[in-house]
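This report describes selected features of one protein structure. It goes through salt bridges, enclosed and open spaces, and two single residues.

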Amino acid sequence: MITTLSGETSRLSATVDFVKEHDTTALLPLLLPGLDGPELRGVAEQCRFSHAALLVFPSDERELGAMLADCGLCVEASPRPSVVVRERLAVRHRRSAAELDVGILRPEVIGVDGERRTVEVFALTVPPGSGLEAVAAAERARQHEAHVAFDVVAPDPLVLRGLCASFARYGATPDGGGYNPHENGTVFYFGVPVEAKVTYRRVELYVPGDHRDVLADHLDAYRLRQPAETLLRLLTGAWTTQALATFARLRVADAMDVEHEVQVAELARTVGARAENLAILLRYLVMVGVVAEGRDGFRLTASGALLRAGVPGSMWALALMYGGPFYRSFGELEHTVRTGEVAFEHLFGENHFDHFARDPRLAELFDQSMAAGSAMFDPVPAHPVLTAAAEAPGGATVVDVAGGNGELLGRVLAAHPRLNGLLLERPHAVEAARRRLDEAGLSARCAFLAGDFADVPTGGDVYVLSRVLHDWDDERCVGILRHCARAMPDHADLLVVERVLPRDGSGSLATAWDLHMMCNVGGRERHADHYARLFADAGLSLVGLAPLPLDGSVLHVRKAR
C-alpha cells in the first residue's frame with residue numbers, strides 16, 4: 001500500500017509541476033501543432049488554460065488528504081461527485097455506476113505567468129478487497145482521464161462551436177463529454193493529434209451553463225468513432241423509458257424540488273418504495289440528467305421538474321403514456337412493418353381513439369399527454385393571420401377543429417381579447433375543454449360543439465387544425481380538409497400545426513413521430529410538398545410555412561383561387 005501511495009503521489013506531483021510551468025499561448029501549439037499566428041491569438045482570446053487533471057485511487061478520504069498534502073496542495077472542502085467520469089468508467093469497465101465512488105477536487109496553484117490555475121483531481125475510492133483494484137490498474141496504465149483543460153471565456157454557443165471547429169482543424173478528435181448538473185457546466189473532451197508535443201492525450205473545453213445542444217453534435221461525432229458503445233446505448237433506450245415512467249408513476253418528482261436535496265430513505269417513505277431499489281433508479285436518472293446527486297441526497301434538475309404532475313408544462317402524463325400503452329404497442333412494431341396493420345390495433349383490438357374513449361382514466365391521461373407538447377404552441381398566437389384577425393373592425397372567430405382540451409385555442413383567446421372562439425371535438429373532450437377555458441376565464445368568448453369532422457361549422461374567419469392530419473392516411477386527410485374548405489368563407493384562413501419532415505435528412509422529432517404514428521395510430525408525418533398536394537386535392541393552397549418549437553411548423557393555407 002505504501003508503494004502504491006508513493007506512486008500515486010509522484011503522478012500527482014508531476015501534474016502539479018506541469019500546471020505551474022505552462023500558460024495558454026505556450027500550451028496550445030504543443031497540443032495542436034500548426035496552430036499559430038492570428039488563429040492562435042484568436043483561440044487564446046476565447047479560452048484560457050485552467051487546469052490539468054489526473055485520476056487517482058485512494059483507499060479512503062484520509063489517504064487522499066495525505067497525497068494532496070505531500071504535493072503541497074491545500075483543499076478544505078470534501079470531494080464533489082463526478083457524473084461524467086463515473087459514467088465513463090462504468091462504460092469502459094462494464095461496471096454499475098452505483099458501485100463507483102468518484103469525486104472531484106480542484107486545489108489551486110500559481111502558474112508561471114502568475115495566473116491562478118488548478119489541478120483537477122478525480123478520486124476513485126478503491127477500498128481494500130472492493131474488487132476495483134483491476135479498474136485502478138487499467139486506468140493507471142492507460143491514463144484515460146488525464147487531460148489538460150481550457151475554460152471558455154464567453155459561454156456563447158457560436159464561440160463554442162467556433163472553438164470546436166478550430167480544434168478539429170488542427171487534428172483534435174471528439175472524445176466524449178457531458179453536462180454536470182452539480183456545477184451547471186458542460187464539458188467537451190477531445191483527443192489530441194499524434195503529433196502533439198505533450199504526454200497528455202486528451203483536452204477538455206469547459207463552459208459554464210447548460211450547452212447540451214452543442215454537446216449533442218460533439219457526442220454524435222464521438223460515437224461515430226465508437227460503434228459498439230453507440231449501439232449499446234441505443235439498445236438500452238427502453239430502460240430509460242421505463243425508468244422515467246416508473247419515476248412518474250411513483251410520483252417521486254412531486255416529493256422533490258430543484259433547490260433542496262432529499263435523502264433516499266425519506267423519499268422512499270413518501271412514495272412507498274424500497275429505499276435500496278429507489279436509490280439505484282435515482283442514480284440511473286442522474287446519468288440521463290433528470291435528477292442530480294449531492295452530499296445530502298437527490299434533487300430535481302429542470303428536466304426532472306417537468307415530471308411533476310399538474311405543473312405548467314408537465315410531461316408527467318406523457319411519461320405514463322409512453323411507458324404504458326404506447327410502450328406495449330411498440331413491442332409489436334415488427335408486426336406493423338411486416339403486415340401494415342397498426343400495432344396498437346393488433347395488440348388492443350381497436351384503434352387508440354376508441355380504446356381511450358372507453359376508459360375515462362386513459363382518456364384524461366391522453367388529453368393531458370397531448371397538452372405536454374404545448375411548448376410548440378408558444379409562437380402561434382403571434383402568427384400574422386391571428387394578429388390581423390384580432391385587428392378586424394368587427395372582430396373575428398377562430399374555429400379550432402378537433403381542438404382537444406382547448407390548450408391552443410385558450411392561448412389564442414388569451415393573447416387577443418377581441419377574438420372569439422369555437423371548439424369542435426368529441427363529446428368527452430368538449431367537456432374537458434369547456435372546464436379548462438372556464439377556469440381560465442375565457443369561456444364567455446368561446447362556443448363548444450360536440451361532433452365529428454363532418455360538423456365543421458361555417459362562418460369562421462380563421463380555422464385551426466393542430467396535430468390532426470398526422471393521425472390519418474392521405475385519403476382521410478383530404479376528406480377532413482374538404483370539410484374545412486366547404487365551411488370556410490372565401491376570406492378565411494386555415495392554420496395547420498404539424499411536424500414537417502425535413503428534406504435534407506437532418507435529425508428531427510418529426511422523423512421519430514413518423515415511426516410513432518405508423519405504429520400506434522396508422523397515420524404519418526409528411527414533407528411540406530406532400531401537405532401541399534393534399535391541400536390542392538381539397539381545393540386549398542399552401543401559402544406559407546413558419547417554424548415552431550419542438551420541430552413543429554405552422555402551415556398557412558387558403559382557398560385555391
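In this model, which is predicted, E334 and R338 form a salt bridge whose closest N and O atoms are 2.8 Å apart. The two residues stand 4 residues apart in helix 16 (residues 333–339), so about one helical turn separates them. E334 and R338 are both exposed.

**Salt bridges**

How many salt bridges does the structure hold? The number is 30. Three of the pairs are set out below.

| Pair | Closest N to O distance |
|---|---|
| E334 and R338 | 2.8 Å |
| R95 and E99 | 3.5 Å |
| D151 and R48 | 3.6 Å |

In the pair R95 and E99, R95 has a relative accessibility of 26% and therefore counts as partly exposed. E99 has a relative accessibility of 40%, so E99 also counts as partly exposed.

The side chains of D151 and R48 meet in a salt bridge at 3.6 Å, N to O. This pair links distant parts of the chain, with D151 in strand 6 (residues 147–152) and R48 in strand 1, 103 residues apart. R48 counts as partly exposed because its relative accessibility is 38%.

Salt bridges also link several residues into a network, made up of R88, R92, E139, E145, D175 and R202. E139 and E145 appear again below, in the lining of the second largest cavity.

**Cavities**

Rolling a probe the size of a water molecule over the atoms shows where empty space is left. Searching the whole structure turns up 3 cavities of 30 Å³ or more.

The largest cavity holds about 110 Å³ of space. Its lining consists of 14 residues, and those that lie nearest the centre are I104, R106, E120, N180 and V187. Two or more lining residues come from each of helix 5 (83–93), strand 5 (116–124), strand 8 (185–191) and strand 9 (202–208). Which element gives the most to this lining? Helix 5 does, with 3 residues. Sorted by class, the lining of the largest cavity has 8 nonpolar, 2 polar and 4 charged residues.

The second largest cavity holds about 50 Å³ of space. Its lining is formed by R11, L54, L55, F57, E139, R140, Q143, H144, E145 and A146. Strand 1 (47–56) and helix 6 (133–142) are the elements that give two or more residues to this lining. Strand 1 is also where R48, the salt-bridge partner of D151, is placed. In the lining of the second largest cavity, 4 residues are nonpolar, 2 are polar and 4 are charged.

**The second largest pocket**

Among the pockets, the second largest has a volume of about 550 Å³. There are 23 residues in its lining, and D367, Q368, A371, N405 and R436 lie nearest its centre. At least two lining residues are supplied by each of helix 14 (316–322), helix 19 (360–371) and helix 22 (427–439). Helix 19 provides the largest share, 6 residues. The classes in the lining of the second largest pocket are 10 nonpolar, 7 polar and 6 charged.

**Two single residues**

H355 is placed in helix 18 (residues 352–357). Is H355 buried or exposed? H355 counts as buried, because its relative accessibility is 14% and the cut-off for buried is under 20%. The side chain of H355 makes a polar contact of 3.0 Å with the side chain of E350. With neighbours within four places in sequence set aside, the residues in contact with H355 are F344, F348, E350 and L362. E350 is thus named twice for H355, once as a polar partner and once in the list of contacts.

G552 belongs to strand 18 (residues 552–559). With a relative accessible area of 3%, G552 is buried too. Which residues does G552 touch, not counting those up to four places away in sequence? They are M376, E498, R499 and P547. Between G552 and S314 there are 19 Å in space, C-alpha to C-alpha, and these two residues are 238 residues apart in sequence.

How values were computed: Residues are numbered from 1 along each chain as its sequence is written. This is a predicted model: local features need pLDDT of at least 70, side-chain atom pairs count only at pLDDT 80 or more; totals for chains, interfaces and linings use all residues. Side-chain values use heavy atoms; hydrogens and water are left out. Buried means under 20% relative accessible area, exposed over 50%, partly exposed in between (1.4 Å probe, protein chains only). A polar contact is a pair of N or O atoms within 3.5 Å; within protein, one must be able to donate a hydrogen and the other to accept it, and residues adjacent in sequence count only if both atoms are side-chain atoms. Contact means heavy atoms within 4.5 Å. On a 1 Å grid over the protein atoms alone, a cavity is a set of points where a 1.4 Å probe fits but cannot get out, and a pocket is an open set with protein on both sides within 12 Å along at least five of seven lines; lining residues have an atom within 4 Å of a point. Grid points are joined across faces, edges and corners, and a volume is the space filled by probe spheres set on the points. Ala, Val, Leu, Ile, Met, Phe, Trp, Tyr, Cys and Pro count as nonpolar, Asp, Glu, Lys and Arg as charged, and the others, Gly among them, as polar. A salt bridge is a side-chain nitrogen of Lys or Arg within 4 Å of a carboxyl oxygen of Asp or Glu.
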